[in-house]
There are 2 protein chains.
Amino acid sequence: MRLLAKSSRDRVSSLGETGLIAAIRRWLGGASPAPPFGIGDDCAVFGASGRRRQLLTVDPVVYGVHIDDRVSPREAGSKLLKRNLSDVAAMGGRPRAAVVALALDGRVAVDWIGEFYRGIARESRRHAVPIVGGDIATLPGGALVATLTLVGEAPGRVLTRKGSRAGDGIYVTGLLGRSLQTGHHHRFQPRLAQGQWLARRSAVRAMMDLSDGLAKDIGALASPGIRPCLSPSLLPRRAGATLREALCDGEDYELVFSLSAGADAGAFERNWRRAFPRIRLTRIGSFVARGNPSAPDEIDPDQYLGYEHFKST
Amino acid sequence: MRLLAKSSRDRVSSLGETGLIAAIRRWLGGASPAPPFGIGDDCAVFGASGRRRQLLTVDPVVYGVHIDDRVSPREAGSKLLKRNLSDVAAMGGRPRAAVVALALDGRVAVDWIGEFYRGIARESRRHAVPIVGGDIATLPGGALVATLTLVGEAPGRVLTRKGSRAGDGIYVTGLLGRSLQTGHHHRFQPRLAQGQWLARRSAVRAMMDLSDGLAKDIGALASPGIRPCLSPSLLPRRAGATLREALCDGEDYELVFSLSAGADAGAFERNWRRAFPRIRLTRIGSFVARGNPSAPDEIDPDQYLGYEHFKST
């Protein structure tokens, strides 16, 4: 069987990213458990009951897609580890060990790769997560794919994407939009301490990190029968970011979570400011029952498209 | 900084695979612990003491390097998981969970990817190792890189590559050579049960799996001050394989290990045949002190080159 399809309707680009992921779950069938024990959350959760829960996540950087010559190789290496750390943060976990698989063209500059690994090493030391192994392989065609897999553990509760209910408040950390233009996409700090702090609070029901843009990602935080009701005026935008940029740009690497309607939101927010005085926390709306009429200025996430792999191919 | 180097002496191909791995260890510095807790064994070992040891390994398949149109996509997917299972087998471990990161051109055929994942799923069910997550990303240029990371655990002792002494016997499972020509490279069964059986025997000192060819790999099983003394007539060759093919072809995915000189080799071999009557076990030589004179027909591994990434670029 040929790798490349002749007809465009037989190509993976015809499925799009969401369609391809759905197809992969079908193809794997019983080999892939339901989330959070399988595909569908920021990390997969595994480990026998009674033991501390383990987390597993994988994210690549592909040259020409996630990074290019405008990003220094040191920042690219740093970004590779931090993307994965952000996924562990999103479950309230802490990182334990990582491996890096590198596929690259033999013409790649030794100096570039050296700087790339020094960038990984810098974040590795900062977050005390050792790089315990890896693999190198040839990839012809001038390309580079570096894939980092991170193992973490959840000290207490594993905070998944599921569990939000009608009436819950929706919160986001930091600022949204213009991540690529401002360099935030490689300068960000993964919200590890914040994720662990949030997982310890039972009023926090569900959480995820923002990688493809709020408009696309927020759907994963909703449950059947509820929808997010977001206020455009409340979105914490980065300087100069339009509403569309705040909703669609992606690579924010901030946490978005739901807070129980029954919680004392004022006390919660005060405790946050005491714990993290320099990290903004914003209530951007709430979950409402699907049947509820829309508010006049409510954001319709379907009107905004987040980043999707394969969409332009 | 540019990804590709203009001058050939500035390219990673000038280092070769071994040189690049050594450089990566330097660049990572303190971010990478010593083996078996870091780079340098079949799996990395991690986990707090007092708890069961965890194993972590990663291996990719790159289209055009590890697989091509002569291998069916189902066999390619199967091979991806089995390559990693072989690494866990080589430490005496058992597999627990895997993630798959796929970077691919949007023109790749949906049918090809479907068969590829069905191949992964088949081995996943056979070895009871769930596929718990993954990632998909765009890779322009007609290429495909699939990277699988496997977490395992060691029920008892972790059998590393280190610990062989002068006088120890050297054993290999199965047959060597002509793996690509015969389809063994995708039809092999990882030696998981055998690896666990060997790890339970304290007379087995050190072990690894054969992926780059015995001549290249055996060096990693030696300790300072000893060298392998291998007999050409004893090598278990696949039908039609020359001595050079048995030593250099690679992709054998068999276990090679050392047995203490003080062990009752006859009893050990009888126990093996009772446990695994259909899997050949061959004593191919022994480790001797480096100062010892060479036997007349002894194999000099340095005369045979195993597979090395980047060697031809």
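**Exercise 1.** What should the 13 residues of helix α1 of chain B span at 1.5 Å a residue, and how far apart are the end C-alpha atoms?

Keep in mind that this is a predicted model. The expected span takes 1.5 Å times one less than the number of residues. For α1 of chain B (residues 16–28), that gives 18 Å, and the end C-alpha atoms are 18 Å apart, so the two agree.

**Exercise 2.** Work out which residues of α1(B) are buried and how they sit around the axis.

Start with the list: G16(B), E17(B), L20(B), A23(B), I24(B), W27(B) and L28(B) are buried. These residues cover an arc of only 135 degrees around the axis, which puts them on the same side of α1(B). The spacing makes sense, because an α-helix has 3.6 residues a turn, so residues three or four places apart point the same way. Now look at what covers them: the cover includes β3 (94–104), α3 (110–126) and β4 (131–138) of chain A, together with α7 (214–217) of chain B. Just past the helix, G29(B) follows with a positive phi, near 55 degrees.

**Exercise 3.** Classify the ring pair of F257(B) and F268(B), then say which parts of chain B the pair ties together.

The ring centres are 5.9 Å apart and the planes stand at 65 degrees. Angles over 60 count as edge-to-face, so this pair is edge-to-face. Next, place the partners: F257(B) is in strand β9 (residues 255–259) and F268(B) in helix α9 (residues 265–275), so the pair ties together parts that are eleven residues apart in sequence. Last, check burial: F257(B) counts as buried at 0% relative accessibility, and F268(B) does too at 7%.

**Exercise 4.** Track down the partners of D42(A) and E251(A) in salt bridges, and state how far apart in sequence the tied parts are.

D42(A) pairs with R161(A), with the closest N and O atoms 3.1 Å apart. D42(A) lies in the loop between α1 (16–28) and β1 (44–46) of chain A and R161(A) in the loop between β5 (144–154) and β6 (169–173), so the tied parts are 119 residues apart in sequence. Both D42(A) and R161(A) are buried.

E251(A) meets K79(A) at 2.9 Å, N to O. Here a loop between α8 (243–248) and β9 (255–259) of chain A is tied to helix α2 (residues 73–89), so the parts are 172 residues apart in sequence. E251(A) is buried at 14% relative accessibility, and K79(A) is buried at 0%.

How values were computed
Residues numbered from 1 in each chain as written. Chains lettered and ligands numbered in written order. Predicted model: local features only at pLDDT ≥ 70, side-chain atom pairs only at ≥ 80, totals over all residues. Heavy atoms only, no water. Phe/Tyr/Trp six-rings, centres within 6.5 Å; stacked < 30°, edge-to-face > 60°. Helix = DSSP H or I, 4+ residues; strand = E, 2+ residues; numbered from the N terminus. Buried < 20%, exposed > 50% of the residue type's maximum accessible area, 1.4 Å probe, protein only. Arc of directions from axis to C-beta. Contact = heavy atoms within 4.5 Å. Salt bridge = Lys/Arg side-chain N within 4 Å of Asp/Glu carboxyl O.
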